[in-house]
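Welcome, and thanks for taking a look at this one with me. Please open the sequence and the structure side by side before reading on.

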Amino acid sequence: MTSETIFALSTAPGQAGVAVIRISGSKARVVLQEMSSSFPEPRVAALVKLFDPKDKAELDRCLALWFPGPGSFTGEDVVELHLHGGRAVVDGTIEALAKLFDFRPAEAGEFTRRAFDNDKLDLTEVEGLSDLIAAETEAQRKQAIRQMDGELSKLVEAWRDRLVRMLAYMEAEIDFPDEELEEGISDQVKHNIEQLKADIKHHLDDSHRGERLRNGIKIAIVGPPNAGKSSLLNVLARREVAIVSDVAGTTRDIIEVHLDLSGYPVIVSDTAGLREIEENTTDGIEFEGIRRAKLHAESADLCLAIFDIEDSDNLDQETLRLLNSANSFVAINKCDKREEDQPIPESLSGFDISKISTKSGEGIDSLLEKLNTWVVANMGLSGSSSGITRQRHRLALQECLDSLGRSLETDLPELCAEDLRLATRYLGRITGKVDVEELLDVIFRDFCIGK
Ligand SMILES: Nc1nc2c(c(=O)[nH]1)N(C=O)[C@@H](CNc1ccc(C(=O)N[C@@H](CCC(=O)O)C(=O)O)cc1)CN2
Ligand SMILES: Nc1nc2c(ncn2[C@@H]2O[C@H](COP(=O)(O)OP(=O)(O)OP(=O)(O)O)[C@@H](O)[C@H]2O)c(=O)[nH]1
Ligand SMILES: [Mg+2]
């Protein structure tokens with residue numbers, strides 16, 4: 001198999017201590033033959049002089065690595081150049097590589113694409129790798145590493161194995177009905193299908209933890225105008241992200257800030273102050289802001305409602321409605337303005353209430369503590385993660401379940417087998433390998449048909 005040889009800077013662009021260029025493909029060795037002062041041992045770093053292949057000008061004194069295929073990351077021959085990380089060194093080397101015959105710059109993700117094509121990684125492992133590179137918090141990193149190590153892949157493959165086995169029995173029933181096998185679909189197969197359905201359902205029933213951890217947990221700050229929503233966002237972000245003013249209706253767009261709470265990624269958003277206004281009689285921009293705020297709050301994992309202590313007996317109905325429809329906390333703000341203890345309004349009696357002041361900082365730490373606790377309780381993977389990190393996985397599993405359900409609705413082995421085959425394909429899509437050859441393998445192995 002020959003493929004074009006690709007190269008790319010694998011470290012971040014810009015000046016750095018060391019920059020790594022990776023080269024993969026059938027001609028990768030040419031780099032070491034034509035540009036390097038020596039050819040390193042496989043998988044052992046060597047200090048070499050690097051030259052331009054045309055004019056022999058010295059580009060760098062760098063570390064070179066030789067990973068002969070198929071035992072490399074991509075499964076192809078791979079060369080790595082660990083260069084001094086200056087722009088001129090990197091640019092000069094890239095230009096020199098482009099002069100070599102059949103070499104071209106790699107496209108985004110192309111090294112990993114080749115690893116996938118060469119069966120080094122399956123689709124879920126590729127996704128895990130991509131999540132690992134994108135991971136911003138400890139919990140995201142842990143989840144990504146588990147997926148990169150094949151946790152989801154093993155789970156799905158084990159399910160697929162069970163299906164393939166059932167199919168093999170069904171095929172035997174269809175092809176050899178006169179042998180000592182029962183008529184119709186055996187209770188054993190039906191039982192196995194039910195069992196598999198239950199196992200897959202159990203994994204789907206995870207409140208979307210894996211996806212939430214990958215995408216970040218969404219907390220929406222909501223409340224009436226001027227309550228101090230933007231002030232609170234700025235305190236949480238520890239910088240002036242949102243405009244604060246005593247004009248009611250200052251914030252219109254949704255402003256998001258990324259926080260790391262106990263290792264979990266949290267996206268806190270500031271929204272337009274909620275109040276009842278008519279679409280045509282008032283400021284159209286504020287109306288749109290309120291519309292967006294409500295939509296956003298409805299899709300958040302947690303609503304944090306803010307009220308002004310001086311207005312807290314006049315609570316905004318819209319905010320209360322949002323509070324009741326979601327996981328929520330309430331913060332009564334500006335408590336620096338009132339020394340005496342305010343009674344808690346009746347309509348808030350069911351909620352978890354914090355008294356805070358974004359101005360004096362009072363109550364902020366304990367509010368943060370509550371948010372931390374909530375995030376850990378709701379996102380903590382408690383050892384039994386389902387491993388579902390993408391909607392793609394969820395949809396495929398749902399389709400698989402639907403096919404399994406249909407397979408039980410018939411007494412004809414042929415129809416049942418067809419549904420099982422579909423279910424198998426949906427699982428195969430998760431890991432990215434869909435083939436039927438192994439079905440035959442299992443038949444021969446388990447039934448000794450050819451004997
Ligand atoms: N310099 C450098 N650092 C890197 C990478 C890289 O490609 N280059 N990686 C890239 O993402 C990660 C390491 N991942 C790797 C995964 C597999 C193989 C590899 O050579 N696999 C062979 C042999 C395995 C063995 O014998 O130990 C194989 O799978 O056959 C190399 C790196 C992170 N750090
Ligand atoms: N005394 C006092 N004033 C505060 C506190 N927090 C915010 N403010 C003031 O309240 C006013 C409104 O604050 P913002 O943060 O802009 O309020 P908001 O809820 O974002 O308002 P809109 O964006 O208009 O919905 C500003 O003048 C703030 O300085 C507080 O804890 N104590
Ligand atoms: Mg605001």
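Here are some numbered points to guide a first visit.

1. A word on the model first: the structure is predicted. The domain assignment divides the protein into domain 1 (5–115), domain 2 (125–206 + 388–432) and domain 3 (212–379). Note that domain 2 is written as two segments. Between domain 1 and domain 2, the C-alpha centres are 41 Å apart.

2. A good place to begin is strand S5 (residues 78–84), where 5 of the 7 residues are buried. S5 pairs with strand S2 (residues 18–24) in the antiparallel sense, over 7 bridges. S5 also pairs with strand S4 (residues 58–67), again antiparallel, over 5 bridges. Glu 80 makes a handy landmark here: Arg 22 stands opposite this residue, and so does Leu 65.

3. Which residues surround ligand 1? They are Val 20, Phe 67, Gly 71, Ser 72, Phe 73, Glu 80 and Lys 120. You will recognise Glu 80 from the strand pairing, where Leu 65 is opposite it in S5. By class, the shell of ligand 1 holds 3 nonpolar, 2 polar and 2 charged residues.

4. Do stop at the loop between S4 and S5, which contains Pro 70. The peptide bond joining Gly 69 and Pro 70 is cis, with omega at about 5 degrees. Most peptide bonds are trans, and most residues other than glycine have a negative phi. That background helps with the next point too.

5. Two residues that are not glycine have a positive phi worth checking. Lys 56 has a phi of about 60 degrees and sits in the loop between strand S3 (46–51) and S4. Lys 56 counts as exposed because 9 other C-beta atoms lie within 10 Å, and the cut-off for exposed is 12 or fewer. His 208 likewise has a positive phi of about 60 degrees, and its place is in the loop between H7 and helix H8 (209–215). With 17 C-beta neighbours inside 10 Å, His 208 is partly exposed.

6. Helix H7 (residues 187–204) has 18 residues. From its first C-alpha to its last, H7 reaches 26 Å, close to the 26 Å expected at 1.5 Å a residue. Its buried residues are Val 189, Ile 193, Leu 196, Ile 200 and His 203. Why do these belong to one side of H7? They cover an arc of only 90 degrees around the axis, so they are on the same side of the helix. An α-helix has 3.6 residues a turn, so residues three or four places apart point the same way. The other side of H7 has exposed residues, including Asp 187, His 191, Glu 194 and His 202.

7. Helix H12 (residues 364–379) can be read in a similar manner. H12 has 16 residues and spans 22 Å from first to last C-alpha, close to the 22 Å expected at 1.5 Å a residue. Leu 367, Leu 371, Trp 374, Val 375 and Met 379 are its buried residues. Looking down the axis of H12, these buried residues fall within an arc of 105 degrees, so they line one face of the helix. Which residues are exposed on the other side of H12? Asp 365, Ser 366, Glu 369, Thr 373 and Ala 377 are.

8. Ligand 2 has 23 residues around it, and Gly 228, Ser 230, Ser 231, Thr 251 and Gly 273 come nearest. Helix H9 (residues 229–237) gives the most to this shell, with 3 residues. By class, the shell around ligand 2 comprises 5 nonpolar, 12 polar and 6 charged residues.

9. Next, have a look at strand S8 (residues 255–261) and strand S9 (residues 264–270), which pair in the antiparallel sense over 7 bridges. Leu 261 stands opposite Tyr 264 in S9. S8 and S9 form a hairpin with 2 residues between them, and Ser 262 in the turn has a positive phi of about 50 degrees.

10. Finally, find Arg 275 in the loop between S9 and helix H10 (284–299). Arg 275 counts as partly exposed, with 17 C-beta neighbours inside 10 Å. How many Å separate the C-alpha atoms of Arg 275 and Gly 86? The separation is 55 Å, for two residues that are 189 residues apart along the chain.

Terms used
Residues numbered from 1 in each chain as written. Chains lettered and ligands numbered in written order. Predicted model: local features only at pLDDT ≥ 70, side-chain atom pairs only at ≥ 80, totals over all residues. Near = placed C-beta within 6 Å. Helix = DSSP H or I, 4+ residues; strand = E, 2+ residues; numbered from the N terminus. Nonpolar A, V, L, I, M, F, W, Y, C, P; charged D, E, K, R; others polar. Domains from an automatic or database assignment. Expected span 1.5 Å × (residues − 1). Buried ≥ 20, exposed ≤ 12 C-beta atoms within 10 Å, placed from the backbone. Arc of directions from axis to C-beta. Pairing = 2+ DSSP bridges.
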